[in-house]
Amino acid sequence: MIWNPLAECQSLKDRQRLQSDRLGTLVDRVYRRVPFYRQKMDALGIKPSDIQSIADIAKLPFTSKDELRQTYPYGLLACRREELVEIHTSSGTTGTPVVGAYTAADIELWSEVMGRTLTMAGCKKGDTVQNAYGYGLFTGGLGVHYGARKIGANVIPISSGNTRRQLAIMKDFGTTLLACTPSYALYMAESAREEGFDLKDFPLKAGCFGAEPWSSGMRSQIEASLGISAHDIYGLTEIIGPGVSAECSCKEGLHVNEDVFYPEIIDPLTGQPLPDGQKGELVITSLTREGSPLIRYRTRDITYLIRETCSCGRTTVRMHRLLGRTDDLLIIRGVNVFPSQIEHVLTRIEGTQPHYQIVVDRGATYLDEIEVHVEVEEAIFSDVTGTLEKLKKTIHDELKSELGLSALIKLVEPKAIQRSEGKAKRIIDKRTL
Amino acid sequence: MIIKQISIFMENTTGRLAETTALLAGAGINLRAISIADTADFGILRMVTDKPDETLALLRGSGMTARETDVIGVEVQDHPGELARVMALFRDEGINIEYLYASLERKKEMAVIIFKVALVEKSLEMLTRSGYTTVSSF
């Protein structure tokens, strides 16, 4: 089933006309209302009248995450404050949080695109959606919630965590669709087995999984152990939250809701647009947002676009499952961490620049696990085991309180950490994407 | 008197001890006492050798994390109840012992107990007062 055939199966010509109209209106509005955009366009000598069609989008300047931080909290607001009905922010672990500001129309838009997303996974009125994404500032929880309400499904707002309870609710209420991170889905299946039942015996039929990168191998594992159809969903707080793109039953790329979120792929180094099929950085323009619309926002996510019409009947462009990042951001259990932040914490604890290595793996529990290996130099070495154990605990606790990350700390001998060309290899990511 | 103990940091991997002892053997260094403290993923090798300065230089030179620590070596008679008497002294004086290990001294038929304590001077004074001999090497 297709939630909104008018939008999702529109002819390319009609869609381009719609995108062109919307881009024109958007540029006109932000030029008048947001000094940040006006200054950037003036600097390039671009006037709203220069934007006549969607093809003109390449004339517009990019917006970066750093600029969002510089304008925190309300600098990019394109509506009046009293029009806002909801605020979300990113976790802020990588610096000042970025803000999503929603008007009533923005929430309606979010409900609409999440309705499309859930429908792509086979969800409809009569289904019971167990929403195990965290409710709160994080967009996952409310995004799925609004989508489920939109299509008239029954939503259980259980939020994240408490696996035993998740399983009891799933069993007692006959959940048919599960929404959570892919690693948590596998963890639930494993926990169910330990409790002596098999999720394949449950009425569960599908799942919407996102908020962290995953592989096709992991999909097979999820589908086999839960007995469901597993769908990748993508989104980001800056644009709307989940609902930017999602997989239909064909699972050959994620359909981008391009009538409202216009995607481009660029060369991350030169900023030049790349042709369809070529890998590069995903850039998104939120064409119809009122609260915090973004023009050519650089997501730092790497993917490519697939333009051919999908056999599901939707004509929207698809993006390949995420292939990486343009920066060294690590996403661990939904927490965003840069290695430099871990280094900062270590430096502060020991008063010296330590040699360290970060190892990320998806362990036996299927959840992302992070190990931080710290070389024991003379400055921190003690002949008493208790002192070293205490150091391990301090590092663990500091990382936990600073970054919200529970890492396994391992003390290693000096030079145990592989150095390449004099520079230590800091990150080993063993997760297969 | 003070003994200079050398300790090194070690990951718990097979063959690590064999390598280290072979290194000492090659340099003609004699181990007088040795102990290992181990945890789930690392260990600390502590040793008293006949040439502490050379030992330290050798181990550091081969890339290990090594340090020198002042410990106390007490001679006690090699028969039942002797260690208990020394321990009672530390207890009565309120001195906490971080760790200890022992070695036998054949020439004198004595045992040497190596103590690591926070209060080195106080411990030395207490032991001398109680009639014990502390050694700087053995």
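In the predicted model, the association of chain A with chain B buries about 1700 Å², of which 55% lies on carbon and sulfur atoms. On the side of chain A, the greatest losses of area to chain B fall on A:Phe381, A:Asp383 and A:Glu413, which together account for 43% of what that side buries. The contact draws 18 residues from chain A and 23 residues from chain B.

Between chain A and chain B, four salt bridges are counted, along with nine residue pairs in polar contact, both residues of each pair being at pLDDT 80 or more. Two elements of chain A, α11 (385-403) and β20 (408-412), each contribute at least two residues to the side that touches chain B. That side of chain A is made up of nine nonpolar, two polar and seven charged residues.

Among the salt bridges between the chains is the one formed by B:Asp41 with A:Lys392, in which the closest N and O atoms are 3.2 Å apart. Another is formed by B:Arg60 with A:Glu378, with a closest N and O separation of 3.0 Å; this pair runs from helix α2 (residues 52-61) of chain B, where B:Arg60 is found, to the loop between β19 (368-375) and α11 of chain A, which holds A:Glu378. Both ends of this bridge retain some accessibility: B:Arg60 has a relative accessible area of 37% and is therefore partly exposed, and A:Glu378, at 38% relative accessibility, likewise counts as partly exposed.

Within chain B, the assignment distinguishes domain 1 (2-68) from domain 2 (71-135), and the C-alpha centres of these two domains of chain B lie 23 Å apart. Ten residues from domain 1 of chain B and ten residues from domain 2 of chain B take part in the contact. The area buried between the two domains of chain B is about 950 Å², with carbon and sulfur atoms giving 55%. No salt bridges are counted between domain 1 and domain 2 of chain B, whereas four residue pairs, both residues at pLDDT 80 or more, are in polar contact across this boundary. On the side of domain 1 of chain B that touches domain 2, the elements giving two or more residues are β1 (2-11), β2 (31-38) and β3 (42-49) of chain B, and the largest share, four residues, comes from β2(B). The residues of this side of domain 1 of chain B comprise six nonpolar, two polar and two charged.

Over all chains, the count comes to 38 salt bridges. One of them, in chain A, joins A:Arg298 to A:Glu281 with closest N and O atoms 2.7 Å apart; A:Arg298 belongs to strand β12 (residues 297-303) and A:Glu281 to strand β11 (residues 280-286), so that the pair links parts of chain A that are 17 residues apart. Both A:Arg298 and A:Glu281 are buried.

In chain B, the side chains of B:Glu98 and B:Lys116 meet in a salt bridge with an N to O distance of 3.2 Å. Because B:Glu98 lies in strand β5 (residues 97-105) and B:Lys116 in strand β6 (residues 110-117), this pair ties together parts of chain B that are 18 residues apart in sequence. The two partners differ in burial, since B:Glu98 is partly exposed, with a relative accessible area of 36%, whereas B:Lys116 counts as buried at 10% relative accessibility. Elsewhere, A:Arg300, A:Asp301, A:Arg325 and A:Asp327 are joined into one network by salt bridges that share partners.

Terms used
Residues are numbered from 1 along each chain as its sequence is written. Chains are lettered from A and ligands numbered from 1 in the order in which they are written. This is a predicted model: local features need pLDDT of at least 70, side-chain atom pairs count only at pLDDT 80 or more; totals for chains, interfaces and linings use all residues. Side-chain values use heavy atoms; hydrogens and water are left out. Domain bounds come from an automatic or database domain assignment. Contact means heavy atoms within 4.5 Å. Buried area is the accessible area (1.4 Å probe) that two parts lose on being put together, summed over both. A polar contact is a pair of N or O atoms within 3.5 Å; within protein, one must be able to donate a hydrogen and the other to accept it, and residues adjacent in sequence count only if both atoms are side-chain atoms. Ala, Val, Leu, Ile, Met, Phe, Trp, Tyr, Cys and Pro count as nonpolar, Asp, Glu, Lys and Arg as charged, and the others, Gly among them, as polar. Buried means under 20% relative accessible area, exposed over 50%, partly exposed in between (1.4 Å probe, protein chains only).
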